[in-house]
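Dear colleague,

Please find below the sequence and the structure that I am handing over to you. I should be grateful if you would keep them open while you read the notes that come after.

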Amino acid sequence: EGLRASSSAADGGRQVESFLRNVASAFQKTRELAAGLQTIGCGGIDVAGQVNELFSEHLETYPQIEFDLLEVAFLSQKVKYKGEDLCYDIIDAYFLSAKEAISRCMLLCTEQERSRSVQKLFSSNSSRYASSCSLLDQVYQYLIAMLQTAMDDTDKKCGSISLFSLTSEA
C-alpha cells in the first residue's frame with residue numbers, strides 16, 4: 001500500500017516537473033520573442049509587463065510548487081532505495097533536481113521572490129527559510145552518514161589491529 005502511494009506520488013512529481021519545465025521553456029521563449037520584437041521597432045510595448053501578465057496565473061503559486069516537487073523527488077528516491085541510509089545515488093539525483101529547480105527559480109521568480117526562493121531551496125532546517133528537504137540539509141545528512149560509516153570502519157580496523165597485536169605478543 002505504501003509503495004503504491006509513493007509510486008503514485010513519484011508519477012505525480014514527474015508530471016509536475018514536466019509542467020514546470022514547459023512553463024520555464026515557454027516563459028524563456030516568450031521573453032526571447034518579446035526581445036526580438038523590440039529590436040524590430042516594437043519598443044513602445046512593455047515587454048516585461050506583457051510577459052509577466054501572460055504567465056502570472058502560473059507564476060503566483062510557482063515557488064511553493066517547486067518546493068513541494070523537490071520534497072516528492074527526494075522522498076521517491078528514498079523509496080526507490082528502500083529506505084536505506086542516504087547514498088550517493090539519492091544525493092546525486094536530488095542534486096540534479098535541485099539544480100533544475102534553482103534554474104527555474106532564477107527564471108520564473110520575481111526579483112522580490114528570487115532571493116528568498118533560492119535560499120529556501122538551499123537552506124537547512126535551522127534557517128528561517130527552511131524547507132523540509134533542502135539541498136544543504138540533505139547533503140549534510142549524507143556527509144554525516146558517510147563520516148559515521150568511516151569512523152565505525154576505522155574503529156573496527158583499529159580493534160582488529162589491537163587484538164592482533166595483543167595475541168601476537170603473548
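The following paragraphs set out what was found, beginning with the whole chain and ending with the packing of two helices.

Please note at the outset that this is a predicted model.

Overall architecture

The protein contains six helices and zero strands. Read from the N terminus, the order of elements is therefore α-α-α-α-α-α. Of the 170 residues in the protein, 29% are buried. Among contacts with a separation of 6 or more, 61% join residues that lie 24 or more positions apart. The exposed surface of the protein amounts to about 11,100 Å², and carbon and sulfur atoms contribute 57% of that area.

Salt bridges

Side chains of opposite charge can pair when their charged atoms come close. How many salt bridges does a search of the whole structure find? The search returns four. Glu17, Arg21, Glu66, Glu100 and Arg104 are linked by such bridges in a network, and I describe three of the pairs in turn.

The pair of Arg21 and Glu17 has an N to O distance of 3.2 Å. Both residues belong to helix H1, which covers residues 2-39, and they are four residues apart, about one turn of the helix. Are these two residues buried or exposed? Glu17 is buried, because its relative accessible area is 17% and the limit for a buried residue is under 20%. Arg21 has a relative accessibility of 41%, so this residue counts as partly exposed.

Arg21 also forms a salt bridge with Glu100, and here the closest N and O atoms are 2.7 Å apart. This pair links distant parts of the chain, since Arg21 lies in helix H1 while Glu100 lies in helix H4 (residues 88-108), 79 residues away. Glu100 is partly exposed, with a relative accessibility of 28%.

Glu100 in turn forms a salt bridge with Arg104, with 3.2 Å between the closest N and O atoms. Both residues are in helix H4 and stand four residues apart, which means that about one helical turn separates them. Arg104 is buried, at 5% relative accessibility.

Returning to Glu17, which residues does it contact once its neighbours within four places in sequence are left aside? Glu17 is then in contact with Leu69 and Glu100.

Packing of H3 and H4

Helix H3 spans residues 62-80 and packs against H4 at an angle of about 170 degrees, with 9 Å between the two axes. Because an angle over 145 degrees counts as roughly antiparallel, H3 is roughly antiparallel to H4. On the side of H3, the contact is made by Tyr62, Glu66, Leu69, Leu70, Ala73, Phe74, Gln77 and Lys78. On the side of H4, the residues involved are Asp89, Ile90, Ala93, Tyr94, Ser97, Ala98, Ala101, Arg104, Cys105 and Leu108. Sorted by class, this contact of H3 with H4 has twelve nonpolar, two polar and four charged residues.

Two residues of this contact, Glu66 of H3 and Arg104 of H4, also appear in the network of salt bridges described above. You may find it helpful to locate these two residues in the structure and to follow the network from there.

With kind regards

Notes. Residues are numbered from 1 along each chain as its sequence is written. This is a predicted model: local features need pLDDT of at least 70, side-chain atom pairs count only at pLDDT 80 or more; totals for chains, interfaces and linings use all residues. Side-chain values use heavy atoms; hydrogens and water are left out. Buried means under 20% relative accessible area, exposed over 50%, partly exposed in between (1.4 Å probe, protein chains only). Contact means heavy atoms within 4.5 Å. Accessible areas come from the Shrake-Rupley method with a 1.4 Å probe; for residues, only the protein chains shown count as cover. A salt bridge is a side-chain nitrogen of Lys or Arg within 4 Å of a carboxyl oxygen of Asp or Glu. Axes are lines fitted to C-alpha atoms, for helices over the stretch in contact, and angles run from 0 to 180 degrees between N-to-C directions. Angles under 35 degrees count as roughly parallel, over 145 as roughly antiparallel, 65 to 115 as roughly perpendicular and the rest as oblique. Ala, Val, Leu, Ile, Met, Phe, Trp, Tyr, Cys and Pro count as nonpolar, Asp, Glu, Lys and Arg as charged, and the others, Gly among them, as polar.
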